[in-house]
Amino acid sequence: NAQSGIVHELISYKSEILGAECQYTIYLPPDYESSTRSYPVLYFLHGGEGSSTDFIQHLELDFIANQSINTGASLPMIIIMPDAGNRDSGFMNDLRGGWNYEEHFFKEFIPFIENKYRIRKQIPYRSIAGYSMGAEAAFLYAIHQPDFFYSASLLATEVSPDNTYENTK
């Protein structure tokens, strides 16, 4: 009796730090609606010129997550896929200012998500992953905030020397 999780695409929220309406896509595990428990969370960052729906529409992440959960290969979890807004700086702070996505991510987005959904807020239950541009950001987030994520997974990444710790502060 396989169960399916729920996907909500392109949910909008207002960011004060970015001064913009932002979006994210979320995968909720199969038992989210029927339980009261809190879940581990994975923040999954998309690649350049992509969007928060890429992992669902092109890679069928919801299907993979459902299979993994239903077979017991993974625990039920919430997967959050934020949208970087197709800016040159992507998920990082823009060196010229004006688009401070990394600051927004830690100070605004994660608290918003953790208050809106039943997420276990302790470090062992919070992970980050990314693809391409998102992998570079996931790598740098893990370095900049070493006590924030339990794990970081990088898919198809190239970390450029322009995005050093000093340049992204």
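Let me start in helix α3, where E103 and K107 are four residues apart and therefore separated by about one helical turn. In this model, which is a predicted one, the side chains of these two residues meet in a salt bridge, with 3.7 Å from N to O. As for their surroundings, E103 counts as partly exposed because its relative accessibility is 29%, whereas K107, with a relative accessible area of 60%, is exposed.

How many salt bridges does a search of the whole structure find? There are three, and I will take the remaining pairs in turn. R126 forms a salt bridge with E114, and here the closest N and O atoms are 3.0 Å apart. This pair links distant parts of the chain, since R126 belongs to strand β5 and E114 to helix α3, with their positions 12 residues apart. Are these two residues buried or exposed? With the limit for buried set at under 20% relative accessible area, R126 counts as buried because its value is 5%, and E114 is likewise buried, at 9%. The other pair is R37 with D31, whose closest N and O atoms lie 3.8 Å apart, and R37, at 34% relative accessibility, counts as partly exposed.

Let me turn to the nonpolar interior. Nonpolar side chains tend to be buried together in soluble globular proteins. The largest nonpolar core here has 34 residues, and those that touch the most other members are Y43, I78, F105, Y117 and Y141. Two or more residues come from each of the strands β1 (6-15), β2 (20-28), β3 (41-45) and β4 (78-82), and also from the helices α3 (101-116) and α4. Which element gives the most to this core? That is α3, with six residues.

Y141 deserves a closer look, and leaving aside residues up to four places away in sequence, Y141 touches L45, F91, M92, Y101, E102, F105, F106, I128 and F149. Apart from the largest core lies another one, of 11 residues, which includes F44, F55, L61 and A129.

Finally, the strand pairing. Strand β5, residues 126-131, runs parallel to strand β6, residues 151-155, and five bridges join them. Between these strands the chain passes through helix α4, residues 133-144, and the resulting β-α-β crossover is right-handed. Within this pairing, G130 stands opposite L154 in β6.

To bring this back to the opening, strand β5 is also where R126 sits, the residue whose partner E114 is in helix α3, and that helix holds the E103 and K107 pair with which I began.

Methods: Residues are numbered from 1 along each chain as its sequence is written. This is a predicted model: local features need pLDDT of at least 70, side-chain atom pairs count only at pLDDT 80 or more; totals for chains, interfaces and linings use all residues. Side-chain values use heavy atoms; hydrogens and water are left out. Two strands pair if DSSP finds at least two bridges between them. A crossover is right-handed if, with the strands pointing away from the viewer, the path from the first strand over the helix to the second runs clockwise. A nonpolar core is a set of buried Ala, Val, Leu, Ile, Met, Phe, Trp, Tyr and Cys residues joined through side-chain atoms within 4.5 Å. Buried means under 20% relative accessible area, exposed over 50%, partly exposed in between (1.4 Å probe, protein chains only). Contact means heavy atoms within 4.5 Å. A salt bridge is a side-chain nitrogen of Lys or Arg within 4 Å of a carboxyl oxygen of Asp or Glu.
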